[in-house]
Amino acid sequence: MKFIPYGKQSIDQSDIDAVVEVLKSDFLTTGPSVENFEKSISEYTGAIYATAVSSGTAALHIAALTLIKPGEKVLVSPITFAATSNAVLYAGGIPVFADIEPEGNIDFDICVEMLRADSAIRHIFVTHMTGRPVDQDKLRQLKEMFDLGVVEDCAHSLGGEFGGHMAGGCDVADMSILSFHPVKHVTTGEGGAVTTNSERLHRKVQALRTHGITRDESEYQFRNLAFDINGNVNPWYYEMQDLGFNYRITDIQCALGISQMKKLDGFVARRREIAQAYDAVFAKNGYFVPLYDYDRRSAYHLYVIQTNFDAVGMTRAELFNKMRENGIGLQVHYIPVPMLPYYAEKGYNMNDLPTASKYYERCFSIPMFPAMSDDDVRRVTDTLYKIISI
Ligand SMILES: *Cc1c(COP(=O)(O)O)cnc(C)c1O
């Protein structure tokens with residue numbers, strides 16, 4: 001029996017050929033594939049600038065350093081991967097968790113209340129949970145009302161859109177981040193990107209990716225070192241102006257990324273088809289409630305179900321174990337960030353997060369990836385209904 005995990009990459013011969021071609025070329029890193037991959041990301045999302053980096057977490061780290069001053073508070077959803085709020089901490093910021101809407105995204109009305117009550121909150125890092133973009137009109141209102149810095153965590157939502165604007169396009173956000181981990185929409189093995197429409201932010205992001213070094217002579221600060229007495233730039237010269245990192249991504253990875261981007265629309269279309277197939281079965285048979293009604297704008301990175309486990313006569317752990325015995329992987333997205341020991345020890349808790357608490361008690365994710373066949377989809381739902389004790 002074939003095991004069906006909750007998420008998986010789709011690699012075909014054209015991806016393999018693209019990688020092999022780079023291996024035979026002159027550049028393994030910082031060559032033409034990096035720029036071409038960045039170009040395909042910015043064309044797809046609509047953002048003017050894209051910087052590809054070594055992971056989604058690296059992208060979040062750089063975005064956070066570019067925006068946050070130490071001590072500033074940042075709104076974050078408790079229902080996201082830990083990397084979102086970890087990035088705030090990397091930059092010396094203070095994550096402040098705002099409760100979610102029942103459909104899984106941060107609740108902007110609650111954000112307004114929290115912003116009114118605390119002027120030290122200066123930014124929001126907003127996750128498009130499961131791939132369903134947050135309401136861009138509300139986000140814009142929030143940004144303008146409180147003059148907030150905005151980073152959209154689009155690790156789930158590449159291919160999603162809101163009001164004609166593609167996720168990652170930074171219609172409202174100062175910066176967005178993407179992840180190219182194998183379970184995400186397109187993969188480079190490990191990889192990520194920062195997108196923005198601001199040239200100033202783009203330059204900072206580009207520098208932080210490579211040690212904070214610039215080779216742009218218009219930016220040089222020590223002009224007596226940079227230029228000779230005739231005003232010609234010294235050919236060896238560069239300046240390190242910020243404490244940056246080596247967060248570069250390789251040409252090998254970017255060749256895979258370029259090849260994958262060509263198939264993104266097809267991947268997302270298949271994910272939406274699978275979501276509709278799941279929706280139909282659950283609407284007919286009950287007990288398993290999709291996190292939200294079918295949303296054609298969602299990129300469906302995840303398919304999350306809400307279940308009352310008392311009603312199905314088993315614990316979530318029993319359900320996970322029985323599904324695994326039947327060759328199907330489930331997952332929980334996510335344990336709320338404030339409940340993770342590192343955060344709990346800092347004094348975070350779930351006291352003011354009732355909707356997130358309820359979500360966590362009832363949630364689990366079922367397999368969702370474009371290579372699933374219709375038979376795989378049916379096997380998942382058939383097995384769920386076969387094993388529950390109703
Ligand atoms: C995957 C993910 C990240 C981190 O991406 P990596 O590429 O794994 O570092 C960040 N935020 C969210 C919401 C994610 O799902």
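Visitor: Which residues come nearest to the ligand?

Guide: In this predicted model, 16 residues stand around the ligand, and Gly56, Thr57, Asp153, Ser179 and Lys184 come nearest. A residue is counted here if one of its heavy atoms lies within 4 Å of the ligand.

Visitor: What makes the pair formed by Asp153 and the ligand a polar contact?

Guide: The cut-off for a pair of N or O atoms is 3.5 Å. A polar side-chain atom of Asp153 lies 2.8 Å from a nitrogen atom of the ligand, so the pair is within the cut-off and counts as a polar contact.

Visitor: How do you know that His156 and Tyr334 make polar contacts with the ligand as well?

Guide: The test is the one used for Asp153, with the cut-off of 3.5 Å. An N or O atom in the side chain of His156 is 2.9 Å from an oxygen atom of the ligand. For Tyr334, the distance from a side-chain N or O atom to a ligand oxygen is 3.3 Å. Both values are within 3.5 Å, so both pairs count.

Visitor: How much of the ligand does the protein bury?

Guide: The ligand taken alone exposes 380 Å², and the protein buries 92% of that.

Visitor: Which elements give two or more residues to the shell around the ligand?

Guide: They are helix 3 (56–67) and helix 4 (82–90). Helix 3 gives the most, with three residues.

Visitor: What classes of residue make up that shell?

Guide: Five are nonpolar, nine are polar and two are charged. Gly56 goes with the polar ones, because Gly is counted in that class.

Visitor: Which pocket does the ligand take up?

Guide: The ligand takes the space of the second largest pocket. A molecule sits in a pocket if more than half of its atoms lie within 2 Å of the grid points of that pocket. The volume of this pocket is about 340 Å³. Its lining has 23 residues, and Phe81, Ala155, Ser179, His181 and Lys184 lie nearest its centre.

Visitor: Where does the largest share of that lining come from?

Guide: Helix 3 supplies it, with three residues. Helix 3, helix 4 and strand 8 (175–179) each give at least two. By class, the lining has eight nonpolar, twelve polar and three charged residues.

Visitor: What is the volume of the largest pocket, and which residues lie nearest its centre?

Guide: The volume is about 600 Å³. The largest pocket is lined by 23 residues, with Gln206, Ala207, Arg209, Thr210 and Ile213 nearest its centre. Helix 2 (32–45), helix 7 (199–209) and strand 10 (213–214) each give two or more residues to this lining, and the largest share, six residues, comes from helix 7.

Visitor: How many residues of each class line the largest pocket?

Guide: Eleven are charged, seven are polar and five are nonpolar. Arg209 belongs with the charged residues, because Arg is one of the types counted as charged.

Visitor: What kind of peptide bond joins His333 and Tyr334?

Guide: The bond is cis, with omega at about 5°. Tyr334 lies in the loop between helix 12 (316–325) and helix 13 (341–345).

Visitor: What is noted about the phi of Thr30?

Guide: Thr30 is not a glycine, yet its phi is positive, about 55°. Thr30 is in the loop between helix 1 (13–23) and helix 2.

Notes: Residues numbered from 1 in each chain as written. Predicted model: local features only at pLDDT ≥ 70, side-chain atom pairs only at ≥ 80, totals over all residues. Heavy atoms only, no water. Polar contact = N/O pair within 3.5 Å; in protein donor to acceptor, adjacent residues only side chain to side chain. Areas by Shrake-Rupley, 256 points an atom, 1.4 Å probe, with all protein chains shown as cover. 1 Å grid on protein atoms, 1.4 Å probe; cavity = no way out; pocket = protein on both sides within 12 Å on 5 of 7 lines; lining within 4 Å. Helix = DSSP H or I, 4+ residues; strand = E, 2+ residues; numbered from the N terminus. Points joined across faces, edges and corners; volume = space filled by probe spheres on them.
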